Amino acid sequence: MSDFEAILQAFEESGGDPQFLKSPKVASLVVSGNQVLGANEIPGVTMTAEQLPDGVKVRLAVEPGTRVDLPIHLCFGVIPAEGIQRILSDFQVGADAQVEFVAHCTFPNATSVQHIMESTVRVESNATMRYSETHYHGEHGGVQVLPKARIQVDEGGRYFSEFTLSKGRAGKIDFDYEVDVQKDGVAELSAKAMGYADDEIKVRETILLNGERARGLAKSRIAVRERARSEVIGT
């Protein structure tokens, strides 16, 4: 089985439809470890990817005024049982644009895998960005997931994100999002995760309302059993 076939199988296990990663009509990006296995641009959407020793540096830009009809599909994963994947991502959504991202992060065989995600996001004036991220970590609990995002929502912009892990072990998750919302802007953050055995789940969500009529909502639903632990900090 090729690396691309393996990552597509893992993508499907995490709840994704592999056909979206093959369609020329859908913008998509597929990263396994530090290898970019596939990238498809469409009009109004540009992608650049730079290979790093332990991951990939990615920039995704949506041109001002662009309405992306179909969600942009992203797949990040590590197929071997051990490894480190560092994703440095930069999302730029131009003024008046509308876009939705559907991301799947999958580590089906992990016994000792570290996934580090450092993101910066800019949603310009009156633009809308939706970002849905689903994780699958396998059944061994050998994953450390460390996502950190700093998001800027300009005047009248709208940002919605959802992080979901409901299948398999959580391992260790340390989730850290901070959003700066300007005048008439909206930010909504949602995190849902389940842990058991000795899993650890930590969620930190901060929304800064820095303009008139700025609005924000941070919502976390965490379930743990057995020896698993969770901590949620909202500001």
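The exercises below, each with a worked solution, concern a predicted model.

**Exercise 1. Find the order of the strands in the sheet that contains E3, and explain what sets its edge strands apart.**

Step 1. The strands of this open sheet follow one another as E3-E4-E6-E8-E10-E12-E14-E16. That makes eight strands, and their pairing is mixed.

Step 2. The ends of this order are strand E3 (45-52) and strand E16 (229-234). Each of these two has a single partner strand, so one of its sides has no neighbour in the sheet.

Step 3. Between neighbouring strands of this sheet the average turn is 5°, with direction ignored.

Step 4. Inside the sheet, strand E10 (residues 143-153) and strand E12 (residues 172-181) run parallel and are joined by eight bridges. Gln152 has Asp180 of E12 opposite.

**Exercise 2. Do the same for the sheet that contains E2, and state the sense in which strand E1 and E2 pair.**

Step 1. Here the order is E2-E1-E5-E7-E9-E11-E13-E15, again an open sheet of eight strands with mixed pairing.

Step 2. Strand E2 (35-40) and strand E15 (215-224) are the edge strands, and each of them pairs on one side only. From one strand to the next, the twist averages 5°.

Step 3. Strand E1 (residues 28-32) is antiparallel to E2, and five bridges hold the pairing. Within this pair, Val30 faces Gly38 of E2.

In general terms, the pairing of strands in a sheet, parallel or antiparallel, goes through backbone hydrogen bonds.

**Exercise 3. Describe the cavities: how many are there, and what lines them?**

Step 1. With a lower limit of 30 Å³, a search of the whole structure gives two cavities.

Step 2. The largest cavity has a volume of about 100 Å³, and 13 residues line it. Nearest its centre lie Phe91, Ser119, Tyr131, Ala149 and Tyr177.

Step 3. At least two lining residues of the largest cavity come from each of strand E6 (82-93), strand E8 (112-123), strand E9 (128-136) and E10. Sorted by class, the lining of this cavity holds nine nonpolar, two polar and two charged residues.

Step 4. The second largest cavity has a volume of about 40 Å³. Its lining consists of Tyr131, Glu133, Ser161, Glu162, Phe163, Phe175, Tyr177 and Ser190.

Step 5. E9, strand E11 (158-165) and E12 each give two or more residues to the lining of the second largest cavity. E11 has the largest share, with three residues. The classes in this lining are four nonpolar, two polar and two charged.

**Exercise 4. Classify the ring pair of Phe91 and Tyr131, and say which parts of the chain it ties together.**

Step 1. Two values describe a pair of aromatic rings: the distance of the centres and the angle of the planes.

Step 2. The model has five aromatic pairs. For Phe91 and Tyr131, the ring centres are 5.7 Å apart and the planes stand at 75°. Planes over 60 degrees apart count as edge-to-face, so this pair is edge-to-face.

Step 3. Phe91 belongs to strand E6 and Tyr131 to strand E9, so the pair ties together parts that are 40 residues apart in sequence.

Step 4. Are the two residues buried or exposed? The cut-off for buried is under 20% relative accessible area. Phe91, at 4%, is therefore buried, and Tyr131, at 8%, is buried as well.

Step 5. Phe91 and Tyr131 form one aromatic cluster together with Phe101.

How values were computed:
Residues numbered from 1 in each chain as written. Predicted model: local features only at pLDDT ≥ 70, side-chain atom pairs only at ≥ 80, totals over all residues. Heavy atoms only, no water. Pairing = 2+ DSSP bridges. Helix = DSSP H or I, 4+ residues; strand = E, 2+ residues; numbered from the N terminus. Axes fitted to C-alpha atoms, helices over the stretch in contact; angles between N-to-C directions. 1 Å grid on protein atoms, 1.4 Å probe; cavity = no way out; pocket = protein on both sides within 12 Å on 5 of 7 lines; lining within 4 Å. Points joined across faces, edges and corners; volume = space filled by probe spheres on them. Nonpolar A, V, L, I, M, F, W, Y, C, P; charged D, E, K, R; others polar. Phe/Tyr/Trp six-rings, centres within 6.5 Å; stacked < 30°, edge-to-face > 60°. Buried < 20%, exposed > 50% of the residue type's maximum accessible area, 1.4 Å probe, protein only.
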